[in-house]
Amino acid sequence: MTKTFTIFLATTPYASENTHTALRVIGAALDKGHKVNVFASGDGVHNFTAGQKAAGVPNAETGFSEMMRRGLRVDL
């Protein structure tokens with residue numbers, strides 16, 4: 001049975017583990033064929049800023065771009 005998950009993201013991409021955790025949950029859900037929505041608000045919008053130069057951590061822009069190609073729906 002396909003389910004739909006919605007994740008609310010309100011923190012900046014590199015201030016905590018929230019972005020990395022969200023990307024892992026999103027990837028796992030998409031792998032199982034579920035639909036996933038992300039609603040980003042406030043500082044969470046910065047997870048989708050183009051041209052990020054992350055050093056030593058997974059790049060949020062790259063990660064979310066890949067998830068969007070796989071079917072993630074994003075509302076900012």
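Is Phe64 buried or exposed, and at what relative accessibility? At 1% relative accessibility, Phe64 counts as buried, where buried means under 20% relative accessible area, exposed over 50%, and partly exposed in between, with a 1.4 Å probe and protein chains only.

The model is predicted, so local features need pLDDT of at least 70 and side-chain atom pairs count only at pLDDT 80 or more, while totals for chains, interfaces and linings use all residues. Residues are numbered from 1 along each chain as its sequence is written, and side-chain values use heavy atoms, with hydrogens and water left out.

**Exercise 1. Describe the largest nonpolar core and state which elements supply it.**

Solution. Begin with the term: a nonpolar core is a set of buried Ala, Val, Leu, Ile, Met, Phe, Trp, Tyr and Cys residues joined through side-chain atoms within 4.5 Å. The largest such core has 13 residues, and those with the most contacts inside it are Ile7, Ile26, Val36, Val38, Phe64, Met67 and Leu72. Next, assign the elements, which are DSSP runs numbered from the N terminus, with helices (H or I) of at least four residues and strands (E) of at least two. At least two residues of this core come from each of β1 (4-9), α1 (18-31), β2 (35-40) and α2 (60-69), and the largest share, five residues, comes from α1. Finally, look at one member: leaving aside residues up to four places away in sequence, Met67 touches Leu23, Ile26, Gly27, Leu30 and Leu72, contact being heavy atoms within 4.5 Å. In soluble globular proteins, nonpolar side chains tend to be buried together.

**Exercise 2. Work out which side of α1 is buried and what covers it.**

Solution. First take the dimensions: α1 has 14 residues and reaches 20 Å from its first C-alpha to its last, close to the 20 Å expected at 1.5 Å a residue, the expected span being 1.5 Å times one less than the number of residues. Then list the buried residues of α1, which are Thr19, Ala22, Leu23, Ile26, Gly27, Ala29 and Leu30. They cover an arc of only 165 degrees around the axis, which puts them on the same side of α1; the arc is that of the directions from the helix axis to the C-beta atoms. On the other side of α1, Arg24 and Asp31 are exposed, whereas the cover over the buried residues includes β1, β2 and α2. Just after the helix, Gly33 takes a positive phi of about 85 degrees.

**Exercise 3. Carry out the corresponding analysis for α2, including its two ends.**

Solution. Start at the N-terminal end, which Asn59 caps through a side-chain oxygen lying 2.9 Å from the backbone nitrogen of Glu61. Along α2, the buried residues are Ala60, Gly63, Phe64 and Met67. They cover an arc of only 90 degrees around the axis, and therefore they lie on the same side of α2. The face turned away from this buried side carries the exposed residues Thr62 and Arg69, while what covers the buried residues includes β1 and α1. Just after α2, Gly71 takes a positive phi of about 125 degrees.

**Exercise 4. Classify the aromatic pairs and place them in the chain.**

Solution. Apply the rule that rings of Phe, Tyr and Trp (its six-membered ring) pair if their centres lie within 6.5 Å, with planes under 30 degrees apart counting as stacked, over 60 as edge-to-face and the rest as tilted. The count comes to two aromatic pairs. The rings of Phe8 and Phe39 have centres 5.7 Å apart and planes at 20 degrees, so this pair is stacked. It links distant parts of the chain, since Phe8 lies in strand β1 and Phe39 in strand β2, 31 residues apart. Phe8, at 53% relative accessibility, counts as exposed, and Phe39, at 38%, is partly exposed. The rings of Phe48 and Phe64 have centres 4.6 Å apart and planes at 45 degrees, so that pair is tilted. Because Phe48 lies in the loop between β2 and α2 and Phe64 in helix α2, the pair ties together parts that are 16 residues apart in sequence.

**Exercise 5. Characterise the surroundings of Asn37 and Asn47.**

Solution. Asn37 is found in strand β2 and is buried, with a relative accessible area of 18%. Its side chain makes a polar contact with the side chain of Thr6 at 3.3 Å; such a contact is a pair of N or O atoms within 3.5 Å, where within protein one must be able to donate a hydrogen and the other to accept it, and residues adjacent in sequence count only if both atoms are side-chain atoms. Asn47, by contrast, is placed in the loop between β2 and α2, and at 0% relative accessibility Asn47 counts as buried. Not counting residues up to four places away in sequence, the residues that Asn47 touches include Leu9, Pro13, Ala60 and Phe64.
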